Amino acid sequence: MNGEVKAEAARAEEVHLQGLPGPTHTHAGLAFGNLASMLHRGRISSPREAALQILENVRLLRSLGLEQAVLPPHERPDLEALRRLGFSGSDERVLGAAGRDAPHLLAACFSSSSMWAANAATVSPGSDTSDGRVHITPANLVGQFHRALEAGFTARVLRLIFADPARFVVHDPLPASLELADEGAANQMRLSAEHGGRGVEVFVYGSSALRPGRLPRRFPARQTLEASRAVGRLHGLEGRCALFVRQNADAIDAGAFHNDVVAVADRDLILHHELAFDDNGRAMEDMAGALADCCGRELVSVKVGAGELSLEEAVRSYLFNSQLVTLPDGSRCLVAPSECRATPRALACIERLVSDPNPISSVRFVDLGESMRNGGGPACLRLRVVLTAEELDGCLPGVRVTDALCRRLARWVETHYRESLGIEDLLDPSLIEESRRALDELSGILGLGSIYRFQREAG
């Protein structure tokens with residue numbers, strides 16, 4: 001056995017850091033390889049509905065007994081990025097020139113993609129790391145310009161939330177290189193006996209300079225083996241408790257731009273499409289062996305075959321992008337997007353899963369249509385962080401969700417967010433001021449201080 005299995009796991013729970021969309025949430029179709037994003041390019045969005053849908057999902061998860069916290073939107077538009085790209089003058093002149101000469105860059109600098117918090121970072125709980133602290137590495141997201149803008153602010157926010165150096169380490173993002181392309185926890189799964197016990201961290205990658213393999217032909221692979229190994233080293237993960245598995249190139253070409261579109265795990269359970277991994281049988285054997293060695297637990301593998309649900313249907317319904325959670329009574333629940341009910345074979349698959357003798361005993365459907373139209377389902381919207389009670393108490397208290405905070409955030413959204421937003425509205429200078437007023441109030445609500453550039457410049 002590689003390493004001793006701890007006799008008793010520390011009491012810990014999985015906290016969901018839920019991303020909030022900003023006031024500039026649009027359907028700009030920026031994400032190449034994300035079929036829903038590409039399909040809905042140019043459609044009118046509803047920033048208000050997007051935010052309220054996510055808050056309703058947060059309320060549902062709280063009602064199920066799951067700890068929730070929120071991550072704030074980033075400042076958008078990112079006028080500093082546009083100025084670095086050569087657009088100068090007043091804010092209004094910058095908007096006009098960028099809209100005329102580089103509308104794609106303008107849309108990218110308005111993007112609210114930080115709402116998909118699964119891409120914010122990779123997290124290793126203290127039970128997995130060599131120094132016993134929670135390690136967090138913000139993703140560099142270098143594969144796409146609109147997401148690469150997020151890394152610096154994400155690191156700043158995470159360092160505010162997880163500020164105690166005795167309990168937490170927030171690393172810098174990996175160097176901004178395609179060879180080290182890192183898209184965060186959307187390509188990481190954690191297997192364990194209990195949340196507080198030692199776990200196996202499974203990193204799923206699509207390409208590697210050092211380990212050549214079959215590459216997708218239609219869409220790019222966004223996570224590299226080199227990035228995943230670097231994160232594992234930074235986090236002090238050892239031996240068999242860090243596992244590196246290659247994603248199936250066909251899944252990427254079908255629109256599974258991240259692993260969490262075709263696989264999801266919770267403790268000793270993994271729900272996956274049979275075409276999720278390059279060699280699915282070998283991948284399951286490796287995961288089972290690592291879980292047995294590190295945790296003394298047998299892997300429960302729940303496979304969905306291509307005959308039951310094609311890759312195309314899996315991507316369209318986002319079944320595997322459901323949140324798979326353990327409830328306080330120990331049962332497992334699948335929190336699935338409502339699109340699964342609109343996809344007959346996905347619904348039939350879920351009904352089979354719930355009725356079969358496996359740990360998934362219930363399903364709850366959530367309406368996240370505004371997020372889904374940009375290609376982000378329930379799992380995309382949350383960053384999972386396993387924390388002991390002491391670690392949770394050491395986090396910034398203002399971001400932890402209570403019923404009162406949910407109500408206050410809903411009023412905040414209804415006050416500041418537009419009901420509808422089109423791409424042409426990005427040229428409206430008043431949208432800048434609207435967004436700044438909203439974020440200025442939010443930073444106060446969450447107790448984050450002056451975290452935004454416009455706040456610091458005004459001070």
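Biologist: How many helices and strands does the chain have?

Modeller: Bear in mind that this is a predicted model. Going by runs along the chain, there are both kinds of element, and the count comes to 17 helices and 15 strands.

Biologist: How does the radius of gyration of the chain sit against the globule rule?

Modeller: For 459 residues the globule rule gives 23 Å, and the chain comes out close to that, so it is as compact as a globular protein of that length. Along its principal axes, the C-alpha trace spans about 65 × 45 × 45 Å. The radius of gyration itself is 21 Å.

Biologist: What share of the residues of the chain count as buried?

Modeller: A residue needs under 20% relative accessible area to count as buried. What the chain does expose adds up to about 17,300 Å², with carbon and sulfur atoms supplying 49% of it. Of the 459 residues, the buried share is 62%.

Biologist: Of the contacts between residues at least 6 apart in sequence, what share join residues at least 24 apart?

Modeller: Here a contact takes heavy atoms within 4.5 Å. Among the contacts in the chain that pass the 6-residue separation, the share joining residues at least 24 apart is 76%.

Biologist: Which residues have a pLDDT below 50?

Modeller: The chain averages a pLDDT of 95, and 98% of the residues score at least 70. One stretch falls below 50, though it still has 14 contacts in the model beyond near neighbours in sequence. That stretch is residues 1-7.

Biologist: Which cysteines form the disulfide?

Modeller: The structure holds one disulfide. Its two sulfur atoms are 2.2 Å apart, inside the 2.5 Å cut-off. Both partners are buried, and they are Cys241 and Cys294.

Biologist: How many residues apart in sequence are the parts that this pair ties together?

Modeller: Cys241 lies in the loop between α8 (225-234) and β8 (242-246), while Cys294 is in helix α10 (residues 280-295). The pair therefore ties together parts whose separation in sequence is 53 residues.

Biologist: Is the disulfide left-handed or right-handed?

Modeller: The torsion about the S-S bond of Cys241 and Cys294 settles that one. It is about -125°, so the disulfide is left-handed.

Biologist: Why is there no bond from Cys333 to the closest cysteine sulfur, and how far away is that sulfur?

Modeller: Cys333 counts as buried, at 1% relative accessibility. Its closest cysteine sulfur is in Cys340, and that is too far for a bond because the distance is 13 Å.

Biologist: What is the relative accessible area of Cys109?

Modeller: Buried means under 20%. Cys109 is buried, because its relative accessible area is 0%.

Conventions. Residues numbered from 1 in each chain as written. Predicted model: local features only at pLDDT ≥ 70, side-chain atom pairs only at ≥ 80, totals over all residues. Heavy atoms only, no water. pLDDT = per-residue confidence, 0-100. Helix = DSSP H or I, 4+ residues; strand = E, 2+ residues; numbered from the N terminus. Buried < 20%, exposed > 50% of the residue type's maximum accessible area, 1.4 Å probe, protein only. Rg over C-alpha atoms; globule rule 2.2 N^0.38 Å. Areas by Shrake-Rupley, 256 points an atom, 1.4 Å probe, with all protein chains shown as cover.
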